[in-house]
Amino acid sequence: MTTKPKAKKFRVRRSETPSAQPTPEGAPPAPQGEPQPRPRAVNLPNPGAQPQGQAAPQPTPQPQPAAANKARPTPQGAEAAIDAIKREGLTGRQLRMARRMAQKNNLAPTSDYDAVRLLREAGIDPFQRTNMLDLMPSDKGAKPPAKAGKVQLPQTMPLGKSNLPSTETMSPAEMRALEIGEIQKDIARRRRRRLLLLLARLSAFVFLPTLFAGWYFYSVATPMYSTKSAFLVQQADSTGGGGLGGLLPAQLNSNQDAIAVQDYLTSKDAMIRLDNDVGFKDHFSNPEIDPIQRLDENPSNEKAYKVYKKFVKIGYDPTEGSIRMEVSAADPEIATQFSKALISYAEQRVDDLSQRKRKDQLRDAQNSLDTAKQERRNAQIELVRLQESTVLDPEGVIASLRQQITNLEIQLQEKQLQLAALQDNARPNKARVEGVQGDVRRLQAALATQRARMTEATAGEESLASKTSQIQIAQADLAAADLQMQTALQTLKQTELEANRQVRYLTTSVDPVSAQDPSYPRSFENTILAFLIFSGIYLMISLTASILREQVSS
């Protein structure tokens with residue numbers, strides 16, 4: 001176990017009596033019999049060697065040992081040596097090391113610079129690194145032997161180099177200002193170096209690509225001529241429409257159709273049809289177009305479709321219901337042909353979208369009307385068949401039989417009353433009684449006959465009542481068929497009106513016109529956009545790299 005060495009504190013002790021003050025430098029030493037204060041080292045003001053919280057004391061001449069007084073220089077030579085040491089620009093750490101080394105070698109310096117001077121006069125390097133345990137003060141009379149390999153002063157100096165002290169004198173404040181200036185210059189050099197590296201990176205990753213993009217847009221890119229047009233998808237005027245549909249404007253009713261037309265014009269089907277009719281691939285495969293915008297010979301539909309989406313731009317405005325189309329090509333006339341062909345495709349698509357729906361509705365209504373007519377005809381045929389198989393008016397026959405039976409019953413009742421009246425006489429007339437009885441018998445026979453006819457007309461499957469019921473059912477079926485046919489006929493007329501209202505019309509509000517000046521490329525805007533894109537990519541990569549570097553270093 002080793003103890004931690006403690007360095008002594010250097011303080012100046014002031015004696016209470018004037019006789020105890022130390023003798024000035026260069027004065028003869030005091031007599032051996034008088035007590036002398038122990039010599040202490042005095043720190044001169046130094047920016048690197050002054051301890052914190054302690055004021056630097058004034059240098060006071062201290063007595064030197066007898067061994068050092070033999071070759072003591074004059075005060076003027078000591079001050080000149082100290083000034084030369086100050087101009088060397090020693091650091092505070094070196095001065096403290098020299099003070100410790102002087103204390104170890106039993107020297108009594110008056111300041112840190114004086115310690116350096118005394119050590120050099122004794123032939124000892126004041127800045128030689130030693131062990132911390134060797135810094136402990138030893139006996140005053142014994143000197144430690146020199147270590148093997150230790151550099152001792154004075155030493156041989158190489159030829160051609162002067163080791164004379166400098167004649168320039170600088171104060172500690174000037175030295176501190178000089179050091180601060182050197183630090184500032186070093187910081188400025190580092191900043192310039194970093195700025196140059198930053199400019200090099202920006203030039204490699206931002207400025208050069210932007211310059212290349214600007215060169216392409218201004219010198220190489222083929223000018224493209226754009227043709228603009230606009231059209232509407234309108235619905236037929238509906239004067240008789242009811243409900244909430246009549247309250248909506250026409251462009252809102254045809255919103256779905258306009259979106260369907262936009263999707264069709266931006267589809268691959270429209271591109272293939274345009275290539276078959278006008279030659280889209282052949283135009284953009286022209287060798288006069290720059291390599292970046294040009295298609296290869298015999299390109300596939302996918303590659304041509306990418307170019308089609310780039311040069312054919314279609315937008316839909318839901319508030320106005322207008323479809324705006326911009327077609328670009330290397331030739332203004334060809335761009336106009338492309339635009340007119342696409343408008344014709346859109347018109348055909350609109351007709352196809354509404355025509356199928358109208359045809360389906362009209363077909364269903366016509367089928368319903370034909371079915372109603374057939375059912376009415378079948379009901380009429382059944383009624384005629386039933387009327388042919390029986391009397392024309394079975395109900396009239398039955399009513400006539402009922403009336404005849406009623407008349408016979410009345411007559412029979414009168415004859416029976418008359419017969420009863422004759423029989424009430426005491427001596428009735430036999431001839432009259434027999435005549436009345438014959439009338440009663442005849443009326444009863446006629447009544448029975450009529451009742452038999454009535455029974456035959458109302459009972460059984462072939463009776464007049466059954467046939468009357470069948471005829472009534474046939475007449476009801478005929479009336480229902482008539483009503484159904486009338487309803488189907490009204491439905492057909494309403495469907496025709498609704499189909500006419502659902503007709504869509506494509507109205508061209510802005511016709512395509514050939515351009516005289518090229519619209520693309522927009523050189524300045526595209527160059528600025530390229531600069532912003534490259535700057536953003538560089539910034540993102542730089543931030544990512546700095547974050548990763550910080551994480552790895554931490």
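The chain has 14 helices and four strands, where helices (H or I, at least four residues) and strands (E, at least two) are DSSP runs numbered from the N terminus. This is a predicted model, in which local features need pLDDT of at least 70, side-chain atom pairs count only at pLDDT 80 or more, and totals for chains, interfaces and linings use all residues. Residues are numbered from 1 along each chain as its sequence is written, and side-chain values use heavy atoms, with hydrogens and water left out.

**Exercise 1.** Compare the expected span of helix α2 (residues 92-104) with the distance between its end C-alpha atoms.

*Solution.* Step 1: the expected span of a helix is 1.5 Å times one less than its number of residues. Step 2: α2 has 13 residues, so it should span 18 Å. Step 3: the end C-alpha atoms of α2 are 18 Å apart, which agrees.

**Exercise 2.** Identify buried residues of α2 and the helix against which they pack.

*Solution.* Step 1: buried means under 20% relative accessible area, exposed over 50%, and partly exposed in between (1.4 Å probe, protein chains only). Step 2: the buried residues of α2 include Gly92, Leu95, Met97 and Met101. Step 3: the buried residues of α2 pack against α3 (112-121).

**Exercise 3.** Describe asparagine 106 by its place, its phi and its exposure.

*Solution.* Step 1: asparagine 106 lies in the loop between α2 and α3. Step 2: its phi is positive, about 60°, although asparagine 106 is not a glycine. Step 3: asparagine 106 is partly exposed, because its relative accessible area is 25%.

**Exercise 4.** Determine how helix α7 (residues 268-277) is oriented to helix α9 (residues 301-311).

*Solution.* Step 1: α7 and α9 pack at an angle of about 100°, with their axes 10 Å apart; axes are lines fitted to C-alpha atoms, for helices over the stretch in contact, and angles run from 0 to 180 degrees between N-to-C directions. Step 2: α7 is therefore roughly perpendicular to α9, a term for angles of 65 to 115 degrees. Step 3: Ala270 and Met271 are among the residues of α7 that meet residues of α9, including Ala304 and Tyr305.

**Exercise 5.** Establish whether threonine 227 is buried or exposed, and list some of its contacts.

*Solution.* Step 1: threonine 227 is in strand β1 (residues 225-235). Step 2: threonine 227 is buried, because its relative accessible area is 0%. Step 3: leaving aside neighbours within four places in sequence, its contacts (heavy atoms within 4.5 Å) include Met325, Pro332 and Val513.

Notes. Parallel < 35°, antiparallel > 145°, perpendicular 65-115°, else oblique.
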